[in-house]
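Subject: Handing over the structure

Hello,

Here is the structure I promised to pass on to you. Please open it alongside this email, and then read on for what turned up in it.

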Amino acid sequence: MIIDCHGHYTTAPQALWDWRKLQVAGQKPGTLKISDDQLRESLEGAQLKLQRERGSDLTFFSPRAGSMEHHVGDAATSQAWSRECNDLIHRVCSLYPENFAAVCQLPQSPGVAPANCIPELERCVNELGFIGCNLNPDPSGGWWKEPPLTDKWWYPLYEKMVELDVPAMVHVSSSCNPAFHFTGAHYINADTTAFMQFLTSDLFKDFPTLRFVIPHGGGAVPYHWGRYRGIAQDLKRPPLAELLLRNVFFDTCVYHKPGIELLLKVIPAENILFASEMVGAVRGIDPETGQYFDDTKRYIDAIDWVSAADRKKIFEDNVKRVYPRFGGMVLS
C-alpha cells in the first residue's frame, strides 16, 4: 500500500473561499453550501486523478495550509474557520474513505494558549475519526511571537495529543512578513526551527510517546545533519538518534531526485514517511525530467539502492506506526 501522509485540500470549491472572505470582512457568512457533487468535481480531476496516475493509494488530507491563516482575526474567528474547514475534510473522507484519511486544522490564534485548541482536536478525533493534526509553531504568520514548541505553554495540548494517541505535523501557514516567501522560505524556516527547538530541549523526556512529523523533507535538517550532530555534542546532548528519532519523523516532500537521495542516505528509513503534498506548493513540470516536480514516488522508485524492506517502511509501515489511529483503521 502506498500512503501519502501529506495532502491539503487546495482545490476546495469557491464557495469555501467566498465564505472566508465574508468572515474576514466582519460579515455573517451563514451556512456554507457545497454539494457532494461539487466536492467530487473538485477532486476527480485533481487529487484522485493524480493518485491513479502516480500509483498511490491513499492520502492524509487536511485543510489548505496556507489558508489556515491563524493570524487573521481573533480566537473566535479561527475557531469558526477551523470548524468549517475540518467539517469539509470530514465530508471528503466520508465520500472517499478508501482514498483519504482526515487530519485536522487547529484553531490557533496569536497569544492564545494552545490549550484553547483541545476541544476542536477532541471533536475531530473522537467524533469525526480524524487521525492527526497540523500544528503551527508560528500563528503570527512569520513574526514568531509564540514561545518555542518545547515551552510548557504548549504542554496542555501535548497532553491531549498523547491521550488521544495522535501525532502532529509541524506546519506553518501563510507569511505576513515580506522577508519570507511563504512556501519557499517560511515553510522551510519553520521545519528547520522546530527541529532545532526539539534538539535543545528535554521535551521528549516529559512526553516519551509524543510524535511529530517535520514536513518538506525536514527543511534544512538533512543537508546539515553534521552541523546538528555537532551542536548536540557541543551542548552535551545525547546523540540525535537517542535524543529525537524516537519521536521526530520526516516526510518526502522534496522535489528532485538528488534531494530525496540525500534524505534517504542521512535519515534512517524508520523515520521517513512518504508524502508528495499534491496538489500543493509546486504544481508544474520539471523541464529537466519532463515529469511533475511533486511526483515524489517516482524519485524513490528510481533509487535502486533502497531495499524492498525500506521501501515498505517508507510507503506504508512507518505511517501506520506514527499514526496508529490510521493503522488500526487499515488493519481492522
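Strand 3 (residues 100-105) and strand 4 run parallel and are joined by 3 bridges. One pairing to look for is V103, whose bridge partner in strand 4 is G132. Please keep in mind throughout that this is a predicted model.

Strand 4 itself (residues 132-135) is covered on both faces. In a regular strand the side chains alternate between the two faces of the sheet. Here G132 and N134 lie on one side, C133 and L135 lie on the other, and all four are buried.

The wider sheet

Stepping back, these strands belong to an open sheet of 8 strands. Their order is 1-2-3-4-5-6-7-8, and the pairing is parallel. Which strands form the edges? They are strand 1 (3-9) and strand 8, each of which pairs on one side only. Strand 8 is joined to strand 7 (residues 248-251) by 2 bridges, and the two run parallel. If you want a place to find that pairing on screen, F250 stands opposite I272 in strand 8.

The nonpolar cores

F250 comes up again in the largest nonpolar core, which has 75 residues. The residues with the most contacts inside this core are L121, Y158, F195, F198, F212 and F250. Helix 4 (residues 75-95) provides the largest share of the core, with 6 residues. There is also a second, separate core of 18 residues, and V213, F249, C253 and L273 are among its members.

F198 is a good residue to click on if you would like to see the packing for yourself. Setting aside residues up to four places away in sequence, F198 touches L149, T150, L203, F204, F212, I214, L244 and V248. One of these, F212, is itself on the list of residues with the most contacts in the largest core.

The largest pocket

Next, the open spaces. The largest pocket has a volume of about 380 Å³. How many residues line the largest pocket? There are 20, and those nearest its centre are I188, H216, C253, V254 and Y255. C253 is also one of the residues of the second core. By type, the lining divides into 12 nonpolar, 7 polar and 1 charged. Helix 7 (182-199) and helix 11 (257-266) each supply at least two of the lining residues, and helix 7 gives the most, with 4.

The cavities

Rolling a probe the size of a water molecule over the atoms shows where empty space is left. The count comes to 5 cavities of 30 Å³ or more, and the largest cavity holds about 60 Å³ of space. Its lining is made up of Y9, A12, L16, W17, P63, R64, S67, W81, C85, L88, I89 and Q105. These residues divide into 9 nonpolar, 2 polar and 1 charged. Helix 1 and helix 4 each supply at least two of them, with the largest share, 4 residues, coming from helix 4.

A residue in helix 1

Q23 sits in helix 1 (residues 14-24). Is Q23 buried or exposed? Its relative accessible area is 13%, which is under the 20% cut-off, so Q23 counts as buried. Leaving out neighbours within four places in sequence, Q23 is in contact with P29, T77, A80 and W81. W81 also appears in the lining of the largest cavity. For a sense of distance, the C-alpha atoms of Q23 and Y255 are separated by 35 Å, with the two residues 232 apart along the chain.

Some backbone details

Lastly, three spots in loops that you may like to look at:

- The peptide bond from M278 to V279 is cis, with omega near -5°. V279 lies in the loop between strand 8 (272-273) and helix 12 (296-301).
- D165 is not a glycine, yet its phi is positive, at about 60°. D165 lies in the loop between helix 6 (155-164) and strand 5 (168-170), and it is partly exposed, with a relative accessible area of 34%.
- K236 also has a positive phi, near 60°, in a residue other than glycine. K236 is in the loop between helix 9 (225-234) and helix 10 (240-243). Its relative accessibility is 74%, over the 50% cut-off, so K236 counts as exposed.

Enjoy exploring it, and do write back with any questions.

Best wishes

Key: Residues numbered from 1 in each chain as written. Predicted model: local features only at pLDDT ≥ 70, side-chain atom pairs only at ≥ 80, totals over all residues. Heavy atoms only, no water. 1 Å grid on protein atoms, 1.4 Å probe; cavity = no way out; pocket = protein on both sides within 12 Å on 5 of 7 lines; lining within 4 Å. Points joined across faces, edges and corners; volume = space filled by probe spheres on them. Nonpolar A, V, L, I, M, F, W, Y, C, P; charged D, E, K, R; others polar. Buried < 20%, exposed > 50% of the residue type's maximum accessible area, 1.4 Å probe, protein only. Core = buried A, V, L, I, M, F, W, Y, C linked by side-chain atoms within 4.5 Å. Contact = heavy atoms within 4.5 Å. Pairing = 2+ DSSP bridges.
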